[in-house]
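Work through the exercises below with the structure open. Try each task before reading its solution.

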Amino acid sequence: MPGAFEGETVTRRRFMNVVAQGAGGIAAAAFTLPALGFALGPIFDREPFQWQIIGKPEDFTQDAYTTKVLTIVEGIGEAGESLTYVRKRDPAIDSEPLFEHEGYVLNNFVALSSRCMHLGCPVRYVAAAERFICPCHGGVYNFRGEVAGGPPVRPLDRFYNLVHDGYLYLGPRYSVNSELERFSPRDPGEPLDGIGQYLYPARFSTSVLPPTNNLPAPPVVPGG
Amino acid sequence: MPLPKLLGRTKPADPDHVGEPQLAPIEAATEAGLTVVDWIDERTALSPGVRWLMFRKVPKGINWAYTLGSATLFAFLNQAVTGVFLAMYYRPDVAGGAYESIRNINDNVFLGQFVHGMHKWGASVMIILIFMHMARVFFFGAYKYPRELTWIIGVVLLILTMAMGFTGYLLPFDQRSYWATIVGVNINNTGPFIGPYMGDFLRAGPEFGATTLSRFYAIHMLLIPGIMAALIGFHLYLVTKLGISSPPWVKAHEPEAVTEYVEV
């Protein structure tokens, strides 16, 4: 189609077409992109995590696990709670190293998460067998939380812990590979040995080790 | 004051019916339905479309297996209608309100347990019907040219229906719902590279949190049903446009010209 005037490269009809379609596209993007960002935002949002008191150091022994309830997500009641199995670290069997964080020696206690590393069901500790057993698909873990049988792909997750002012504080979750080396928290079903740690990269949303300068105060004991 | 010219305008006399006697009021009443339909059709010209959709030629030899698609459509409509009314009583509150609202529907609301049951069992019926419909199409070879796109959209609808099952399973928010969703999201997370981020998207964070339930609820009752309704419309358009394939045991009557032998 020849141009309306000499040297015209884009016809008026085509120009109007592009402008109208482009305006429609921009208008659609103006509500689609913010909505999409709104839905995808939590992937990049780092959840803050507070240290929380779960007991006194003398409540726990080296040769038996004590069950404690901790809050993973605040403000949603039971749905935000999780179980942890806690015992005192036994240097005779626990070879994983202690480490320092802001002047505290961390992980003097072994605080295992009850989350099964197959698909996330809650494991229970069977004291007679010294095993953690998952009711869903038969995952079994030994006394140190390492896989002893069944489908789990890595040892049970753990919680950072420190002792302050006569109380045991629990921090965020971390994951371990079969050598019990620490990794940032992964979801169940994601192996961390070999290429596993590259197939299942760390996420933006998981908590880093929080600072220790604002630890929650111990509860006030009446008459104490 | 006279009416404005636009409002006072009357329909020009119909030249075909000039001088015909007026209908008695009782006759006019019996014709009212037809009159309304005519009035709409005159302005929309929908009747050829309706005729095109409803009065189609179908091949010889079709049987009850050909009704499975319609059955699936009615299962979807059942889910849509009961779901809309369940939403009037349901509360996606993760701190216990969701479970309480379902308990209220089942125990207190008039016909609540019935409508909830229609939705719950209807979901299973829909999955079963989809697979029977799919098997019919597969074994009768009805997915072949020119109906491949109808098949592809059908597969997408199957996947979306399963996503409906997954997101809906959480909503009663009892122990079974909660742990099934934990396991389901973790299965999803085992996809390499993007799996962990998809899990964060589904849960709205690294853990099952305060907005996970409302997120599942929004996906379950707004996002997926909208996409499904649009795709079902397109699926039905293609079925109507391309016609129904005949069963494989019915031989096509070949024209003489094709079977004629020519001596050379």
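**Exercise 1. Size of the interface**

How much area is buried between chain B and chain A, and what percentage of it do carbon and sulfur atoms give?

Solution. Keep in mind that this is a predicted model. Start with the area: about 2,300 Å² is buried between the two chains. Carbon and sulfur atoms give 64% of that. Next, look at chain B alone. B:Y197, B:P206 and B:E207 lose the most area to chain A. Together they make up 24% of what the chain B side buries. Finally, count residues. On chain B, 27 residues are in contact with 29 residues of chain A.

**Exercise 2. Charged and polar pairs**

Find how many salt bridges cross the interface of chain B and chain A, then examine the one between A:R115 and B:E207.

Solution. The rule finds four salt bridges across this interface. One of them can be checked by distance. The cut-off is 4 Å between a side-chain nitrogen of Lys or Arg and a carboxyl oxygen of Asp or Glu. In the pair A:R115 and B:E207, the closest N and O atoms are 2.7 Å apart, and the pair forms a salt bridge. Now widen the search to polar contacts. Across the interface, 11 residue pairs are found, both partners at pLDDT 80 or more. Which elements of chain B supply the surface? Those giving two or more residues to the side that touches chain A are α8 (175–189) and α9 (195–203). Of these, α8(B) gives the most, with seven residues. Sort the residues on this side of chain B by type: 17 are nonpolar, six polar and four charged.

**Exercise 3. A residue in helix α8**

Decide why B:T181 counts as buried or exposed, and list what it touches.

Solution. First place the residue: B:T181 is found in helix α8 of chain B. Its relative accessibility is 2%. Buried means under 20%, so B:T181 counts as buried. Then list the contacts, leaving out residues up to four places away in sequence. B:T181 touches B:F166, B:L170, B:F208 and B:F216.

**Exercise 4. Overall form of chain A**

How does the radius of gyration of chain A compare with that of a compact globule of 224 residues?

Solution. Such a globule would have a radius near 17 Å, but chain A has 26 Å. Check the extents next. The C-alpha trace of chain A spans about 95 × 45 × 30 Å along its principal axes. Its secondary structure comes to two helices and 13 strands. Of the 224 residues of chain A, 42% count as buried. Last, take contacts in chain A between residues at least 6 apart in sequence: 53% join residues at least 24 apart.

How values were computed
Residues are numbered from 1 along each chain as its sequence is written. Chains are lettered from A and ligands numbered from 1 in the order in which they are written. This is a predicted model: local features need pLDDT of at least 70, side-chain atom pairs count only at pLDDT 80 or more; totals for chains, interfaces and linings use all residues. Side-chain values use heavy atoms; hydrogens and water are left out. Contact means heavy atoms within 4.5 Å. Buried area is the accessible area (1.4 Å probe) that two parts lose on being put together, summed over both. A polar contact is a pair of N or O atoms within 3.5 Å; within protein, one must be able to donate a hydrogen and the other to accept it, and residues adjacent in sequence count only if both atoms are side-chain atoms. Helices (H or I, at least four residues) and strands (E, at least two) are DSSP runs, numbered from the N terminus. Ala, Val, Leu, Ile, Met, Phe, Trp, Tyr, Cys and Pro count as nonpolar, Asp, Glu, Lys and Arg as charged, and the others, Gly among them, as polar. The radius of gyration is taken over C-alpha atoms; the globule rule is 2.2 Å times the number of residues to the power 0.38. Buried means under 20% relative accessible area, exposed over 50%, partly exposed in between (1.4 Å probe, protein chains only).
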